[in-house]
Amino acid sequence: MPAVETTRKTALNAVHRQMGAKMVDFNGWDMPVEYPCSGGIIAEHNAVRNGVGIFDVSHMGDIRLQGPGALAAVQHISMNDAAKLAIGQAQYSALLYPQGTFVDDVIVHRLGEDEYFLVINAGTREKDFNWVRDNTRGFDCNVENLSDDFTQIAIQGPKGVDLLQKLTDANLSAVKFYWVTRGAVCGLKNILIARTGYTAEDGFEIYIPADEATSARVWNEVLAAGKEFGVVACGLGARNTLRLEGKLPLYGHEISDTINVWEAGLDRFCKMDKSEFMGKDALEKAKAAGVKRTLIGLEMVDRGIARDGYKVQDPSGGEIGYVTSGSFAPFLKKNIALAYVPPEFANPGSEVRVEIRGQSARAQAVPTPFYKRPKKT
Amino acid sequence: MPYPTDFKYTKEHEWIKVEGNTATVGITTYAQDSLGDIVFVELPKIGSEITAGKTFGTVESVKAVSDLFAPASGTVTEVNGELATAPEMINKDAHSAWLLKMTLKNPGELNSLLSAADYEKFVAEEGGH
C-alpha cells in the first residue's frame, strides 16, 4: 500500500477547532483560514491594522546553526549580510539556488556569539533544512532542525506591544523592530521574543514550548490580556491580505525557484559586495543581461478582482504577464494585485489589463507597498 | 436558522421567491456563511436570458470565486444595484439581499426545487462541521 500523507497539525489545532475556526489545508497543514468568532477575514485584517490580532504560525520552520563556523555558513547560503547583525538583531534574506533563484525567503536572527536562527516557510520546511544541511557541511557548526520544538504565536498590530508587555518581564520598549530579546512570558522562562512579523505592522512573534497544554494556556492568556485592546484570533486569510497590502512576498507566488532576485525587486536584501554566496555569480550575469520581467503593484480600475494566476495584458489585449497574488484589500478597500510584467509597464500610472473570466478589465501600475504603517509620533 | 417557507431552494444554495409569473432570486444564509465576507457580485444585464441550472453570475468572497446557478429560466427584469457598492448586505441578511428579479419562462421548473424543510435537511447533511 502506498504511504498515506497525513495532514500535519500544530499544537494549537484543537484550540482553533474549539473556537469554531474555518479550517483549510495549507501545504499539508490543517490551519485556520478565518474565525467566525473574530468576525471573519475583513474584521481580523482590520483588527491588526487598528489594534491587535494574533496568529498561530507554528507551521513555519526553524533551523539553528551554532558553532565557530556558523556565521561563515550563513554567509554562504544567505544573500543578505549576516556579518552586519549584532547579537539580538534580525534581517530579512533569502536562500538562493546557484542560478540566483529562490530556495526560500528567510528571517535570519543572530541569537548569540556563534548562534544563528533561521525562520523559514511552512511549505518548504524539509526542503530548506536539507538544503541548509547539505550546503553547510564544510563549515564548523551544528545545524539543527528545531521546527517541531516551538509553538510560534504572532501578536501583530499597533497595540501588540501593549498586549505582550502585560505578559512579560522583558522591557519591550527597548526592543527595536527586527530585534529580539529573551524574557519570561506567561510564566515560561527565557522565551525568545522577536519584534518581527508578516503583516506590515509593528508586532512580535514569541517562540514557546510546543506541547499542547502550554501552547493552549499561552494562547488563551494572550487573548485574555488583549481583550482591552480588542484582540481577535486571525487566520491565514487575513495573514495573506495583510502581507499583500504591505507587498511582502509569498513563496510560490512572488518568489520561487524560477524567479531571480532582480525580477522580484529584492535588491536591497542582496549584498553583492559579500565576497561569496550561493547564487552570486548567476546574479551578476543576470544583472548584466538585464531583467526581462519585473514585479509591480496593480490597482484595478474597472470592477473586478484580479486573482492569483490571472493573465495580465497590454491595453490592446496582448498577453504580457501574470498576477502572482491578488485580492480585495480590506484596509485599503481596493482590489490590488502583484504581477510580473516587462519593465516598460512598471512605471506607476502604466495602463494594463487583467483577464477576469474572459473579460479584459482595466488596471494600472501603482507604487508599492500599497500600505505603509503610520510612523509612531 | 429558519429558511423562509415561501421560498424554494436549489442544491447550489440559491433561493427563489415566486409571485405569479415573476420571481426574485438570491443566495441563502448557508451560502453566505460558507463564503465568508462577500466583496464582489457579478450579475447579468437587464433583459438577458438565464437558464435553469446554468450559471448567471458570480459571487466572490475574499478567498474565492463562486458561480451562481439559475433556479429557473427566464428574463432578467431588475438587478440589485446596491450590491455593487455594498456586497456585504448579503452577509448581513441573505434572505432579503436579493440579486435579481425575473419573469419566468417555464414555471413548471419550480417543481423540482427544494422546499424550505427539504433544504434545511439538505444543508444539515452537507454541513458536517
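1. In this predicted model, the interface between the two chains brings seven residues of chain B into contact with ten residues of chain A. On the side of chain B that touches chain A, three of the residues are nonpolar, one is polar and three are charged.

2. Turning to the interior, the largest nonpolar core comprises 147 residues, and those with the most contacts inside it are A:I54, A:V74, A:I155, A:A306 and A:A339. Strand β17 of chain A, which spans residues 334-341, gives the most to this core, contributing six residues. Because domain 1 (1-289) and domain 2 (292-366) of chain A both supply residues to the core, it lies between them.

3. For A:V74, which is among the core residues with the most contacts, the partners beyond its neighbours within four places in sequence are A:L65, A:A82, A:V108 and A:Y116.

4. Helix α7 of chain A, residues 236-245, deserves a separate look, since nine of its ten residues are buried and the helix is accordingly mostly covered. The buried set consists of A:L236, A:G237, A:A238, A:R239, A:N240, A:T241, A:L242, A:L244 and A:E245, with the charged residues A:R239 and A:E245 included in it.

5. Which elements cover the buried residues of α7(A)? Among them are the strands β1 (22-26), β2 (29-34), β3 (53-56) and β16 (319-329), together with helix α2 (41-50) and strand β17, all of chain A. Strand β17 thus appears both in this cover and as the element that gives the most to the nonpolar core.

6. After α7(A) comes A:K247, for which the backbone phi is positive, near 55°.

Conventions: Residues are numbered from 1 along each chain as its sequence is written. Chains are lettered from A and ligands numbered from 1 in the order in which they are written. This is a predicted model: local features need pLDDT of at least 70, side-chain atom pairs count only at pLDDT 80 or more; totals for chains, interfaces and linings use all residues. A nonpolar core is a set of buried Ala, Val, Leu, Ile, Met, Phe, Trp, Tyr and Cys residues joined through C-beta atoms within 7 Å. A residue is buried if 20 or more other C-beta atoms lie within 10 Å of its own, exposed if 12 or fewer, and partly exposed in between; C-beta atoms are placed from the backbone. Helices (H or I, at least four residues) and strands (E, at least two) are DSSP runs, numbered from the N terminus. Domain bounds come from an automatic or database domain assignment.
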